[in-house]
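Here is a short briefing to read alongside the model. Have a look at the fold first, and then we can walk through it together.

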Amino acid sequence: MIEPNDLNSLLNLMPGDHPYLTVCLQAMVAHDGRRHYHTFLKSAVGRQEKELAHDRLRLPEFLATMERVNAYLEEQLEEETQGIALYAWEPADFFQAFQLPVPLENFFRLAPKPCLLPLARAITGQSRYCVAAVSLDQARFWSIYLRQVTDARSLADESFLKRVQVGGWSQMRFQRHHEYHVERFLKDVARELQSFWNAERAQHLILLGHEPALSDFQRELPLALKHRLALVDHGSPEENQATILHRLEPLFRERDEAILQEIQQRLAGHYQAVAGLQEVLPALQQGRLGKLALSADLQLEGGQCSTCSSLTDSPEGTCPLCGGPIQAVDLLEEIVQEALRQNVHLHFVKQYPHRRELHRHGGLAGVLRF
Ligand SMILES: [Zn+2]
């Protein structure tokens, strides 16, 4: 599974003696049981070959890289993979591949450094959720990342069946005995949940159950976990993964809304917020940006000073800071890389009504750190 740290390790690769090939593929298995990225890949490779036709050094290097890429795609894809990101340059023995449980857009570029935008769009701002479903004698935990269950654990109170079958006890004595066992079981569950939570490095907790187990269990929950409760709802440890994921959809959707609401409120109050490229770009370059919301369909072309590396919305001319020459760049790619470098919280807004909202500000807006 890909981690946000993987983006940082790609980010730290310095442009050097050789280029990097970035290939991202939409790899969902279609109704016919096949993946359909081949047409895209074939034409992208054809275009690249044509471009390198007279480069006697790079062309064979590129072809060798593609050989390795193709071998990987033929042999290594896992069934549940929906998106593939490959970063490669064979002569330098550089090859990194990521298979994602979410689709990526098709993308192909040979550039002095790896292109992170398609991958960042898919994985930044995604939280890890932990779902715990409890009853009086059973519990189940799921860890969810990138809208996929990545781990699960089940617990059962094995003495439960035996206890309810015990005959000859007075009702009261049985009741006391039963309550004692339930409490002990729920304490065990809370302890196990804490260790599962730590191991999965989860950020939000969702609790499912029915009364009285739901309330009893919340009393046993460690304080640190109580503070991370995102949702408490009716449910059972016997629910399957598909139902669990379906129930989380509203939570995933709310995230777009929450970040936009924060930006809107700050903009309205003129309090530590910026909107549009003219405001976002200087704030980013001064290191003042804390959060950045970008419309998922945004594209920006611009320039970068070849002397001091500062970014500008113009693809040509001279640098307003140092007078150096400006070179055309994929401005959004550069903005995203700079934001990742500065640990800015990136959020790509995917839902249509929220995206439209953001486009009123040119597709990007942010919250300042200071
Ligand atoms: Zn400059």
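Strand S10 and strand S16 (residues 364–368) run antiparallel and are joined by three bridges; strands count as paired if DSSP finds at least two bridges between them. Helices (H or I, at least four residues) and strands (E, at least two) are DSSP runs, numbered from the N terminus. This is a predicted model, in which local features need pLDDT of at least 70 and side-chain atom pairs count only at pLDDT 80 or more, while totals for chains, interfaces and linings use all residues. Residues are numbered from 1 along each chain as its sequence is written.

**The four-stranded sheet**
- Across this pairing, Ala275 has Ala365 in S16 as its bridge partner.
- Helix H10 (residues 277–285) packs on the sheet and touches S10, strand S11 (289–295) and S16; contact here puts C-beta atoms, placed from the backbone, within 7 Å.
- The direction of H10 makes about 45 degrees with that of S16; axes are lines fitted to C-alpha atoms, for helices over the stretch in contact, and angles run from 0 to 180 degrees between N-to-C directions.
- The sheet is open, with four strands in the order S10-S16-S11-S15 and mixed pairing.
- Strand S10 (273–275) and strand S15 (345–349) are at the edges with a single partner strand each, so one side of each has no neighbour in the sheet.
- From one strand to the next, the twist averages 15 degrees.

**The three-stranded sheet**
- A further open sheet has three strands in the order S13-S12-S14, and its pairing is antiparallel.
- Strand S13 (311–312) and strand S14 (326–330) are its edge strands, each pairing on one side only.
- Five bridges link strand S12 (residues 301–305) with S14, and Gln304 has Gln327 in S14 as its bridge partner.
- Helix H11 (residues 331–341) lies across S12, S13 and S14 and runs at about 80 degrees to S14.

**A helix pair**
- Helix H9 (residues 241–268) and helix H12 (residues 352–359) have axes that come within 10 Å and cross at roughly 25 degrees.
- H9 and H12 are therefore roughly parallel to each other (angles under 35 degrees count as such, over 145 as roughly antiparallel, 65 to 115 as roughly perpendicular and the rest as oblique).
- On the H9 side Asp256, Glu257 and Leu260 take part, meeting His354, Glu357 and Leu358 of H12.

**Domains**
- The domain assignment, which is automatic or from a database, gives domain 1 (4–123), domain 2 (129–239) and domain 3 (254–368).
- Between the C-alpha centres of domain 1 and domain 2 there are 43 Å.

Terms used
Contact = placed C-beta atoms within 7 Å.
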